[in-house]
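User: Please take a close look at the salt bridges in this model. Then set them in the context of the whole chain and its backbone.

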Amino acid sequence: MCGIVGAVAQRNVSQILLEGLSRLEYRGYDSAGICTLDNGECHLIKTLGKVNKLKEAVKEEGCPGFIGIAHTRWATHGVPSTANAHPHVCDNLIMVHNGIIENFASLKEDLITKGYNFKSQTDTEVLLCLIHSLLKTSGNLMSAFRTALKEVKGSFGLALMDKNDPERLLVARCGSPLIIGLGIGENFVASDTLALLPVTRRFIYLEENELAVLTTDTIEVTDLDGHKVEKNIVESDLDAESISKGKYRHFMQKEIFEQPLSLQNTLLGRLDNDEIALETVVGINSDTFKKLDNIQIVACGTSYHAGLVGRYWFEELTHVTTNVEIASEYRYRKAVVKPNSLFITISQSGETADTLASLRIAKEQGYEHSICICNVNGSSLVRESDFTIFTKAGAEIGVASTKAFTTQLLSLLLLALIIGKQKGCVAQAQQQNIIEAIRKLPALCEEFLACDKNIQSLAEKFSGKRHCLFLGRGIMYPIALEGALKLKEISYIHAEGYAAGELKHGPIALIDKEMPVVVVAPDNALMDKLISNVEEVRARGALIYIFKSGESDIKNDSQSKIINLPDCPEVLQPILFTIPLQLLAYHCAVINGTDVDQPRNLAKSVTVE
Ligand code: M6R
């Protein structure tokens, strides 16, 4: 989704801004732009496509100036084009915007009657012209900024410069994350801390409806009414190196192979012999969940799939009724919330608009507690939840979520154990067994990664295929869904995940010899049922690829290929069987020549509804 970088310094800022944009590329975008102010002159450059094109244009045309703003745009209002790319200019004002202005159409009509002409189709230009018209009346930029922000409906992260006042950067947040970076004799703003790591690790997180004025030496944060707000400075533990590909060809590949380490980090300090060190997981006490009767999990995309797996663990280990819902649906449903209910959000970024909106609604609906399972410290979900379990996967740059997913699963398992123990549903011996298994997870993860070469040659069989089905049963059904999502989002092969038992209720009609069917078949209690489903598919001529562990009656033949995977404890199967499916999607994408880390139309962090 869109990215913002801004700087006010005592040196030329264009390189800082461009480096920041490169670091935001992973979020997904279609055009980019930069504007600096120098000696009363405005240097504006915008390009369609990748940030590298913008870099080349800046090299050619030059972009001097000690103050500037830059942007990567993911089109919402208006097609991807240089006219619609940010920054937008209205006379002396220049602005970049993340988010959506919902009442832009009526505001635009009004502004047209006042004589404004629009150069773009964007809602951003409408807001900028509104600020400009208010400035003409009041003569005070800050008050025009505030008044305009009170008039607009929707979400925004904004950075604004005035050619007539080139010492100050005005920024504001409502619904779209914005972070201020503190330097020495220079200050910065960005929509994501990763953009600013080369210049600072000290950050101020703006909250909803907060504005700030940045100069080289000062940062003043106020609310929409102009009241001063005291802010904490947070030191980030990430460093600039967190976003390098190292020896790998793509971030996604690197992140798949980082999973033994990221899972190790998720566990770090959290296991105390056969117990889970409570305070290191969520900061709860030993009674918090004793009376719990219901759990509602809400998330989007891959994080939603993690929630679906979590439900199996919660119901088995805590005996608490658990529901899982897609955030964009939950937020518009009149949910009935029973007493003693826990609301869990799951999100890699902690900024997903629908998940955040659901949490805000849940807080008004009477949930007893909220927990967020999240990978980004300081993110909105973390700040607004009662408790957080940090997944500690490290920065995930590839748009396709990989290590974030497996660490979410592990975090959910730890949480299920905590709640189960508090409710007296998990016996000491059972807990011991699960913890013993969990300790082996990083090493087992290495073993599963060793199938990479096999999967690479398997991926060749998917070359030229247009569609694919993924089948699983029980707790592996969400893993089939996740396998399908990975394949479709990065290789553009249409893929669907199904509960294998559901196939004969419709989808079996799709099967012919052109349709590869991937079966997720670890050695567990549902194996026999799954084999019957596989036979139904085989009888219809499908090409079947069976990812399996343990002994079974399934044999390699002309129609079916077995991919043997290491044995592993049943409780870990959802985590470990995800790995070969990630690799399959990765290699299919490489073969198809797609942009693996930044697939078309997708954004890493979906900060608009
Ligand atoms: O940051 P979040 O986990 O809240 O993001 C949710 C989804 O947007 C995300 O999982 C998306 O589905 C990924 N592209 C999946 O690979």
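Analyst: The answer starts with the salt bridges, then moves to the backbone and the whole chain.

This is a predicted model: local features need pLDDT of at least 70, side-chain atom pairs count only at pLDDT 80 or more, and totals for chains, interfaces and linings use all residues. Residues are numbered from 1 along each chain as its sequence is written, and side-chain values use heavy atoms, with hydrogens and water left out.

A salt bridge here is a side-chain nitrogen of Lys or Arg within 4 Å of a carboxyl oxygen of Asp or Glu. The count by this rule is 25. One of them joins E208 to R360, with 3.2 Å from N to O. E208 sits in the loop between β11 (202-205) and β12 (210-214), and R360 in helix α11 (residues 353-365), so this pair ties together parts 152 residues apart in sequence. Helices (H or I, at least four residues) and strands (E, at least two) are DSSP runs, numbered from the N terminus. Burial follows relative accessible area: buried is under 20%, exposed is over 50%, and partly exposed is in between (1.4 Å probe, protein chains only). E208 is partly exposed at 23%. R360 is also partly exposed, at 26%.

K403 pairs with E258, their closest N and O atoms 2.6 Å apart. This bridge too links distant parts of the chain. K403 is in helix α13 (residues 403-422), while E258 is in the loop between α6 (251-257) and α7 (259-267), 145 residues apart. K403 is buried, at 3% relative accessible area.

R538 and E535 form a local bridge within helix α18 (residues 527-539), three residues apart, about one turn of the helix. Their closest N and O atoms are 3.1 Å apart. R538 is buried at 15%, whereas E535 is partly exposed at 37%. Shared partners also build a network: salt bridges join R173, E208, R360 and E384.

Next, the backbone. Most residues other than glycine have a negative phi, and most peptide bonds are trans. N209 has a positive phi of about 60° and is not a glycine. N209 lies in the loop between β11 and β12, and is partly exposed at 33% relative accessibility. N340 also has a positive phi of about 60° without being a glycine. Its place is the loop between α10 and β19 (341-347). N340 is partly exposed, at 22%. The peptide bond from H86 to P87 is cis, with omega near 0°. P87 belongs to the loop between β4 (67-73) and β5 (88-90).

Finally, the whole chain. The protein has 19 helices and 26 strands. Buried residues make up 62% of its 609 residues. The radius of gyration, taken over C-alpha atoms, is compared with a globule rule of 2.2 Å times the number of residues to the power 0.38. The protein has 25 Å, in agreement with the value near 25 Å for a compact globule of 609 residues. The C-alpha trace spans about 80 × 55 × 45 Å along its principal axes. With contact meaning heavy atoms within 4.5 Å, 72% of contacts between residues at least 6 apart in sequence join residues at least 24 apart.
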